[in-house]
Amino acid sequence: MRSMIKLSDVRVGSFVYVRGNFGSGAPVYARVTEVEEDVKNGYPGISYVCEHSTTEEGNWAYLDQVDRVVKY
């Protein structure tokens, strides 16, 4: 069972492992660009940029898609 990440566990600039595709994707190493109490549909989440991507295209994820915080 995964540990539950809280909003207070992440901040802008944190590095995390997050699973895209609403949690069904493979974990990617990413830098958090926003932390939101309501990222969508009233649920907390983050906006992020994949660190190994060749573009600066951002993504968002619900907080329960974050597997772990590597660097706060």
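What follows is a walk through the strands, the largest pocket and a handful of individual residues of this structure. The model is a predicted one, and residues are numbered from 1 along the chain.

The strands are a good place to start. Five of them make up an open sheet with antiparallel pairing, and going across the sheet the order is β4-β3-β2-β1-β5. The two edges are taken by β4, residues 59-62, and β5, residues 66-71; each has a single partner strand, so one side of each is left without a neighbour in the sheet. The sheet also has a twist to it: on average, and with direction ignored, neighbouring strands are turned by 40° against each other. As for what holds such an arrangement together, strands of a sheet pair through backbone hydrogen bonds, and they can do so in a parallel or an antiparallel way.

Moving on to individual pairs, β1 covers residues 15-19 and β2 covers residues 27-40, and five bridges link the two in the antiparallel sense. Two facing pairs help to find this spot in the 3D view: Y17 sits opposite Y29 of β2, and V18 sits opposite V28, also of β2. On to the next pair, where β2 and β3 run antiparallel and are joined by seven bridges. Here E36 has G45 of β3 standing opposite. T33 is another residue of β2, and at 28% relative accessibility T33 counts as partly exposed. From T33 to V49 is 16 residues along the chain, yet their C-alpha atoms are separated by 7.0 Å.

The connections between strands have some backbone features worth a look. β2 and β3 form a hairpin with two residues between them. N41 lies in that loop between β2 and β3, and has a positive phi of about 55° although N41 is not a glycine. With 58% relative accessibility, N41 counts as exposed, since the cut-off for that label is over 50%. Something similar turns up in the loop between β1 and β2, which is where F22 is found. The phi of F22 is positive too, near 60°, in a residue other than glycine. F22 has a relative accessibility of 63% and so counts as exposed.

F22 also leads to the largest pocket, being one of the residues that line it. How much space lies in this pocket? The figure comes to about 150 Å³. Its lining is made by V18, G20, N21, F22, A26, V28, Y48, C50, N59, W60, A61 and Q65. V18 and V28, both in that list, are the residues that stand opposite each other across β1 and β2. Two strands that each supply at least two lining residues are β3, residues 43-50, and β4. The largest share, three residues, comes from β4, the strand standing at one edge of the sheet. Sorted by class, eight of the lining residues are nonpolar and four are polar, while none is charged.

A few side chains reach out to the backbone elsewhere. R19 lies in β1, and at 12% relative accessibility R19 counts as buried. What does the side chain of R19 reach? One target is the backbone oxygen of G23, at 2.2 Å. Another is the backbone oxygen of D64, which the R19 side chain reaches at 3.4 Å.

S14 is another case of this kind, placed in the segment before β1. Is S14 buried or exposed? With a relative accessibility of 0%, S14 counts as buried. A polar atom of its side chain lies 3.4 Å from the backbone oxygen of Y72.

S8 also belongs to the segment before β1, but here the label is a different one: S8 is exposed, with a relative accessible area of 51%. V49, mentioned above as lying 7.0 Å from T33 between C-alpha atoms, gives a way to place S8 as well. S8 and V49 are 41 residues apart in sequence, and in space their C-alpha atoms are 19 Å apart.

Note on methods
This is a predicted model: local features need pLDDT of at least 70, side-chain atom pairs count only at pLDDT 80 or more; totals for chains, interfaces and linings use all residues. Side-chain values use heavy atoms; hydrogens and water are left out. Two strands pair if DSSP finds at least two bridges between them. Helices (H or I, at least four residues) and strands (E, at least two) are DSSP runs, numbered from the N terminus. Axes are lines fitted to C-alpha atoms, for helices over the stretch in contact, and angles run from 0 to 180 degrees between N-to-C directions. On a 1 Å grid over the protein atoms alone, a cavity is a set of points where a 1.4 Å probe fits but cannot get out, and a pocket is an open set with protein on both sides within 12 Å along at least five of seven lines; lining residues have an atom within 4 Å of a point. Grid points are joined across faces, edges and corners, and a volume is the space filled by probe spheres set on the points. Ala, Val, Leu, Ile, Met, Phe, Trp, Tyr, Cys and Pro count as nonpolar, Asp, Glu, Lys and Arg as charged, and the others, Gly among them, as polar. Buried means under 20% relative accessible area, exposed over 50%, partly exposed in between (1.4 Å probe, protein chains only). A polar contact is a pair of N or O atoms within 3.5 Å; within protein, one must be able to donate a hydrogen and the other to accept it, and residues adjacent in sequence count only if both atoms are side-chain atoms.
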